Amino acid sequence: MPPSLARRTALALPLLFVPRARAALPHGIPPFPLWIGRTALLAGDGGAARLLLAADGTGTMTVRFFVFCRTLPVRNWQVEEDGLSLRYSRVSALDAGRMIHGEAHILREAPQLLWIEAARHTATFEGFAAADHAGRCG
């Protein structure tokens with residue numbers, strides 16, 4: 001075997017052991033474990049949102065309502081074993097003493113996310129920004 005081929009093989013070998021669930025789905029939305037520590041940029045049917053999942057199980061969700069921008073603490077979150085579903089609780093945008101329990105699902109068949117809180121909403125994943133962009137709307 002030529003040395004260059006042996007070197008390429010040795011470098012690529014660890015990729016065989018990467019769990020399949022870690023790879024992005026065919027339409028480009030990575031599973032939720034890959035969102036940790038990064039700000040996800042979402043465009044939803046109710047407006048724009050940014051979601052940061054912190055490694056300690058908390059995070060922030062920034063949402064835009066018309067001209068208002070609200071940054072809401074995510075008190076806790078859990079990713080399901082498949083990496084495609086997320087359950088969370090966050091502070092209400094209208095009443096800081098009230099908790100909203102929600103869930104999000106990456107849809108396998110479409111390049112969208114399904115968000116369920118009081119109602120069902122869809123959002124388009126637009127990529128990631130740095131963690132420090134989580135508290136900004138624009």
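These are my notebook entries on one predicted model, taken element by element and contact by contact.

**Entry 1: the fold in outline**

I started with the order of elements. I count 1 helix and 8 strands in the chain. Read from the N terminus, the order is α-β-β-β-β-β-β-β-β, so the helix leads and the strands follow. I then looked up burial for the whole chain: of its 138 residues, 36% count as buried.

**Entry 2: the largest pocket**

Next I went to the largest pocket, which has a volume of about 650 Å³. Which residues lie closest to its centre? They are V63, F65, R90, E117 and H121, out of 28 residues in the lining.

I wanted to know which strands build that lining. At least two residues each come from β1 (39-44), β2 (47-53), β3, β4, β5 (85-91) and β8 (120-129). The biggest contributor is β2, with 5 residues.

I also noted the chemistry of the wall. The lining of the largest pocket splits into 15 nonpolar, 6 polar and 7 charged residues.

**Entry 3: a salt bridge by the pocket centre**

Two of the residues closest to the pocket centre, R90 and E117, made me look at their side chains together. Those of R90 and E117 form a salt bridge, at 2.6 Å from N to O. R90 belongs to strand β5 and E117 to the loop between β7 (113-116) and β8, so this pair ties together parts 27 residues apart in sequence.

Are these two partners buried or exposed? R90 counts as buried because its relative accessibility, 10%, is under 20%. E117, at 27%, counts as partly exposed.

A reminder to myself: side chains of opposite charge can pair when their charged atoms come close.

**Entry 4: the other salt bridges**

How many salt bridges does the model hold? The count comes to 3. Having noted R90 with E117, I turned to the bridges made by R87.

R87 forms a salt bridge with E103, and the closest N and O atoms are 2.9 Å apart. This pair links distant parts of the chain, as E103 sits in strand β6 and R87 in strand β5, 16 residues apart. R87 also meets E80 in a salt bridge, at 3.3 Å from N to O.

I checked the exposure of two of these residues. R87 is partly exposed, with a relative accessible area of 42%. E80 is partly exposed as well, at 35% relative accessibility. Shared partners join E80, R87 and E103 into one network of salt bridges.

**Entry 5: a nonpolar patch on the surface**

I then looked over the outside of the model. F65, F66, V67 and F68 make a nonpolar surface patch of about 530 Å². F65 caught my eye here, since I had already listed it among the residues closest to the centre of the largest pocket.

Where does the middle of this run sit? V67 is in the loop between β3 (59-65) and β4 (68-79), and F66 is in the loop between β3 and β4 too. F66 has a relative accessible area of 79% and is exposed. V67 counts as exposed at 69%. Both values are over 50%, which is why the two residues get that label.

I also took one distance from this loop. The C-alpha atoms of F66 and A48 are separated by 9.6 Å, with their positions 18 residues apart along the chain.

**Entry 6: two buried residues in β6**

My last stop was strand β6, which spans residues 99-106 and holds E103 of the salt-bridge network. I picked out G102 and I106, which both lie in this strand.

I106 is buried, with a relative accessible area of 4%. Its C-alpha atom is separated from that of S85 by 6.5 Å, although I106 and S85 are 21 residues apart along the chain.

G102 counts as buried too, at 8% relative accessibility. From C-alpha to C-alpha, G102 and A119 are 9.6 Å apart in space, and they are 17 residues apart in sequence. Both G102 and I106 fall under the 20% limit, so both are labelled buried.

Key
Residues are numbered from 1 along each chain as its sequence is written. This is a predicted model: local features need pLDDT of at least 70, side-chain atom pairs count only at pLDDT 80 or more; totals for chains, interfaces and linings use all residues. Side-chain values use heavy atoms; hydrogens and water are left out. Helices (H or I, at least four residues) and strands (E, at least two) are DSSP runs, numbered from the N terminus. Buried means under 20% relative accessible area, exposed over 50%, partly exposed in between (1.4 Å probe, protein chains only). Patches are made of residues with over 30% relative accessible area and no salt bridge: like charges are joined within 9 Å, nonpolar side chains (Val, Leu, Ile, Met, Phe, Trp, Tyr) within 5 Å. Accessible areas come from the Shrake-Rupley method with a 1.4 Å probe; for residues, only the protein chains shown count as cover. A salt bridge is a side-chain nitrogen of Lys or Arg within 4 Å of a carboxyl oxygen of Asp or Glu. On a 1 Å grid over the protein atoms alone, a cavity is a set of points where a 1.4 Å probe fits but cannot get out, and a pocket is an open set with protein on both sides within 12 Å along at least five of seven lines; lining residues have an atom within 4 Å of a point. Grid points are joined across faces, edges and corners, and a volume is the space filled by probe spheres set on the points. Ala, Val, Leu, Ile, Met, Phe, Trp, Tyr, Cys and Pro count as nonpolar, Asp, Glu, Lys and Arg as charged, and the others, Gly among them, as polar.
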